[in-house]
Structure formats: C-alpha cells, structure tokens
Amino acid sequence: MTQITSPTLILGLLMTGVVLLLYGVRLVTDAIQRATDARVQRALMRLARSPLAAFGLGTLATALMQSSSAMSSLLVGLVSANLLPLTAAIIMLLGANVGSTLVVQLLALHITDYAFEIIGLGAFVALLTRETAFRRLGQACFAFGLIVLGLAALSLGSQPIAANPLTATILRTLVNAPIVLLLIGAVLVVTLSSSAASIGLILSLAATGALPTLAALALMLGANVGTTLTALLSSLHEGALAGRRLALVHTGTKLLAALVLLAFLGPLAHLLAVVWSNAGTQVAMVHLGFNLGLALIFAPLAPLLARWVETLLPERGNDQGKHAGPRYLDSRLLSQPAVALGLAAREVLRMAEVVTEMLERSMDAFEDGAGDLRANMETLDNQLDELNAAITGYLTQLDEDQLTEAQARQELSLLYIIADLQAIGSAIARRVMTLARRKQINNLLFSEEGHEDLLLFHQVLLDAFQEVLAALATHDPELANTFLQGKHARSAMKRDLHLRHIRRLRAGNSLSLASSPIHLDLLDAMSEVLSHITSIAHALREGVGSHERWSAPEVLSPTALVSSAPAVRRME
C-alpha cells in the first residue's frame, strides 16, 4: 500500500472515519431500538426476578443496540416508573456493560478488511425487504458496515501519525501520567457521545502503533468511566431520583474498578504482550475482561449496592404535600415511547391516589368542624390540575410517527383517564364541598335514614373506584369489563335511593324536608362522580385491543382526542 504523506489526506481520513463511526453507531442504535424497544421493555420486566436471565438480556440487548447509554436510559425509565427494582436494574446494567464490548471484539478480529462487503450486504437486504420486518435488519447491517468503514479510515489515517517522531515523544511523556490519559479517555467519550466509537478509535490507534499499549489501556479505562458521565451529569441536573441512584452506581463501580486496574497497568501490559502480540487485540481483551470482572464482582453485591445508594440518596419530603407536582416524567425519555408511556401511566396512578384521598374524605365534610377539610380539598384539586397539565403536556410531546398502534391507543386512553380524574376532583372540591358548606351555614341535618343512604351510595363509589383503579394499575381490560357489567345495577341503586327519599318526604319527615335540596344535589353529584368512574373503565377497555393487555405501562394520538372525545364522554 502506498504510504500516505499528505497532511490534508491524513486529516480527511481521520475526520471521515470519526463521522462514519458516529453516524453508523447512531443508525444501528435507531434501527434496533425502534424494532425492539417495547419487546425489550417487556422482557426486562418479566426477567427481573432472575438475576442470571436479567444479566443475559442486558448483554444481548446492548449488543444489538450498540449503545449502552440507550440501554441505561431504558433501565432508568423503568426504575423511575417503579416497574423494575433497582437491584435488577443494576444487574442488567452490568450486563449492558459486557454487551457494549462485543463489537470491539469483532474489530479486534480485523473485520475492517470486510467493511465494503458488510455495507453492500446491508444495503442489499434493506432494498429487497422494503416494508417488511427484515428491512430493519438490513439497515442495522448497513449501519454496522459504516462503523467498520469508519474504523478502517481511522486506521489508515493513523499510520503516518504513528510513524512521526513527535508523536512518539508526546506519547512517551503521557505514558508516565496514566491519570491524565484516563481523564483524556473520559473526555473523548463525552465528546464523541459513543463508547463504541471511542474504544474503536483507541483500538485502531493501538493496532497501528500510534498508541503504546500502556497509553491505549489507560485511555480505554478512561473511556469506560466516561461512558457513565453523561447520564450521571444529566440525572444530577434534572433526572428522577431513581435515575440518579442508578447513574451513581454505574459511575461509582466503573471508576473504582478503573482506578484499581490503573495501579497494576504495567504488570498487566507485560502479561498481555506474552499472550497476544497485537496491541489492538490486547486493548480489546482488557476491555472485555474489565467489564466481565465488574459483573462478577458487583452482580452478587447488587442488593447491597441498591440499599447503599438508597441510603445515600433518600426520598425527600415535599413541603407542598405528598402528592404535589409530577415526580416521574422525564423529557429525555420521550424518544422511547414505551418508557415514556410507562412514566406517564405512573403519574396517572399518582393522580388516582389524590382522587382516592378526596373521595374517601368527601363525606367527612358534612360533619361539624370540617372547615379545614374543605380548604384541603381545594389544595388537592389544585394538585390534580397541576398533574393533569404536566401529564397532558408530556404525552402530547410524543412523536406520533414513532408510536405503534397499541401505544397510540394507550396514549389517548391515558388522556381520557386524566380528564376524568380531574373532573372527579373538581366535582368533589366544588359541588360536594359547596353542598357541605350550605348544610353547615343553614344548620341542617339529614334524617337518619337519609344519612345512611348517602353513606351507602358513597361506599358504592369507593368500591367502584377501587375496582377501576385495580384495572388501571394492572393494565387488565378484563377487570374493566367486570366493572362495566355492574353498570346498570349501580344506576338502578341511585334511582332506588332517590325514590326512598321521595317516600320520606311524603311521610312528612321534617329533617328530610329541610335538607331535601342538599340531599338530592349530593346524590346527583355522586352520580356524576360515578359517571366519570365508568368513563375511566370504558377508556381502559378501549385503550387495549380486544385480545391485548397493556405492556407494563405502554398508549394514542393527541390530535385524535379532539375529534373523538365526545363519543367517549358520559358513557354512564
């Protein structure tokens, strides 16, 4: 091969290699992630109880996506939505570390010699399988070919640099400062935003002799630490508490292991030289061994790590009340619809908790000394408004083109549900509390029979809401169907209670006569609440296909909400 001497050509090869490398990593991540995102999410939750299976799935999923950061984001989302225990997420993250090393092993086998063949094969498969499931496989193969071609360009461009005496002088100086090399490796990953690209670059430079083995190993350790820093810094700035915990464990374990290995880098390099003659192979094998060692050491300690980080970063109390403000919504995860919908579903359950508290305490407002309770109801209603606005804004930011049909139905279903939850809160905070205030101002009393009827209907509302809440929490349409089967019986009960009140009026019950307007208005207000509860059950049933269940939280189209809302409202 002709020796490259032109500085312009060398710079062009290096820049082209970096661009192809980054673009290839992005393409392969998008192709695999779009095809497997929801499937990976469901599999992660199913296998969470089996540490070995969870570790294997984390390894496989990251090997396919070739993005440990994408896998980390998925895990953070599931932990934030309380769909995955922190211990299981730590084990899966250790598996993801191992999965991210596999592509580097291929590069160590001189796969760059077949870059054009891989690109051609990927393009051929993608063109012949348009509009089929295999198209994404071709796209992923083509993207991987770009990664390999980028590394080939970097390898070719780095050969003249390796032969330059100035390079040798600089690198000999840096070899004596491994901490500096570790920092450079970390900065390199943060700059390129890809651990695969950074490790591949280091491996290529080492294979051509541009980097001494000691320097390459130190840079590789720094790159391993650097791949955790973006997630850590982002979670410290705006992420959920669960995300900060997971990011802290990820960074802490890698940093500790890197510093320990850095102290023994000299003897390790001598040992590697005996086993493998090629410096690139040495870097690739240490990269794999480093992450395997992390897994072997820390996977058994995952429960201890989870308890430690939960103690270090405890839940904080909220001065505005235990329900105030959204807790799980994370705008960084909007690009992953399955996870984003899970986070939104978790916030909807928090709205349901607020409504449950309001509903349970609503009849207490008709007792003496309930002034503080009525003020508290207004505060809870304001919190419902805040959560409703936050969830609606979050869901409407989802890209409709990225949603599957099932996810689109779930999105619209959640939008209907939060509207009904807010309506229930408003009915209690305004209608019911106004009636309680009127009763107190006019010093009225319900008859004993009338009071028992109201308490009976109130208990029916509580039971009905708990049934629907169970369907919402478990994403089971069969529970919603079971609830809807009792719809007519509940309606008949309301009519029966109304007739019983009329009989008391005809019998001349003085207490019933005096409190009749409030009694009837309260029955009507509770009937309105029941109507909204029934609408939630309808939304749950319609949000899932007749033979489907929501994958732990997955959902529909905001634009369709406007046109189809009237058809879903008031189904009682």
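Arg500 counts as partly exposed, at 33% relative accessibility. Follow its side chain in this predicted model and you arrive at Asp453, which it meets in a salt bridge with 2.8 Å from N to O. Asp453 belongs to helix α19 and Arg500 to helix α21 (residues 487-506), so this pair ties together parts of the chain that are 47 residues apart in sequence. The acid itself is buried, with a relative accessible area of 3%.

Asp453 has a further partner in Arg504, and here the closest N and O atoms are 3.0 Å apart. This contact again runs between α21 and α19, so it ties together parts that are 51 residues apart in sequence. Both Arg504 and Asp453 are buried. Step back a little and a network appears: salt bridges with shared partners join Asp453, Asp496, Arg500 and Arg504. As a reminder of the general principle, side chains of opposite charge can pair when their charged atoms come close.

How many salt bridges does the structure hold? There are 10, and another one worth a visit joins Arg430 to Asp381, at 2.6 Å from N to O. Since Arg430 sits in helix α18 and Asp381 in helix α17, the pair ties together parts that are 49 residues apart in sequence. The two ends have contrasting surroundings: Asp381 is buried, with a relative accessible area of 0%, whereas Arg430 is partly exposed at 42%.

From charges, let us turn to the nonpolar interior. The largest nonpolar core has 74 residues, and those with the most contacts inside it are Phe366, Phe465 and Leu522. Two or more residues come from each of α16, α17, α18, α19, α20 (477-485) and α22 (510-542). Which helix gives the most to this core? That is α18, with 15 residues. A second, separate core of 66 residues includes Met92, Leu217, Leu262 and Leu268.

Phe366 makes a good viewpoint from which to look around the largest core. Leaving aside neighbours within four places in sequence, Phe366 is in contact with Val432, Leu435, Ala436, Lys439, Phe446, Ile518 and Leu522. Phe366 is buried, because its relative accessibility of 6% falls under the 20% limit.

One of those contacts deserves a closer look. A search of the whole structure finds one aromatic pair, and its members are Phe366 and Phe446, with 6.0 Å between ring centres and 50 degrees between the planes, a tilted arrangement. The pair links distant parts of the chain, 80 residues apart: Phe366 is in the loop between α16 (337-361) and α17 (371-395), while Phe446 is in the loop between α18 (405-441) and α19 (448-474). Is Phe446 buried or exposed? With 10% relative accessibility, Phe446 counts as buried.

The loop between α18 and α19 also holds Asn443. Its backbone is worth checking on your display: Asn443 has a positive phi of about 55 degrees although it is not a glycine. For context, most residues other than glycine have a negative phi. Asn443 is exposed, with a relative accessible area of 68%.

Another aromatic ring takes part in an arrangement with a charged side chain. Arg490 lies over the face of Phe483, at 3.8 Å from the ring centre.

Back in helix α16, look for Leu341. This residue counts as buried, at 0% relative accessibility. Leu341 and Ile391 are 50 residues apart along the chain, and their C-alpha atoms are separated by 10.0 Å.

Finally, the database record adds a view of the chain's segments. An unreviewed UniProt entry lists residues 6-25, 71-94, 106-125, 137-158, 179-207, 255-276 and 288-306 under "transmembrane region". Two of these spans can be compared with the model itself. Residues 255-276 are 91% helix and 0% strand, with end C-alpha atoms 26 Å apart. For residues 288-306, the chain is 84% helix and 0% strand, and the end C-alpha atoms lie 25 Å apart.

Terms used. Residues numbered from 1 in each chain as written. Predicted model: local features only at pLDDT ≥ 70, side-chain atom pairs only at ≥ 80, totals over all residues. Heavy atoms only, no water. Phe/Tyr/Trp six-rings, centres within 6.5 Å; stacked < 30°, edge-to-face > 60°. Helix = DSSP H or I, 4+ residues; strand = E, 2+ residues; numbered from the N terminus. Buried < 20%, exposed > 50% of the residue type's maximum accessible area, 1.4 Å probe, protein only. Lys NZ or Arg CZ within 6 Å of the ring centre and 35° of its normal. Core = buried A, V, L, I, M, F, W, Y, C linked by side-chain atoms within 4.5 Å. Contact = heavy atoms within 4.5 Å. UniProt positions renumbered as here; feature names shortened; annotations may be inferred. Salt bridge = Lys/Arg side-chain N within 4 Å of Asp/Glu carboxyl O.
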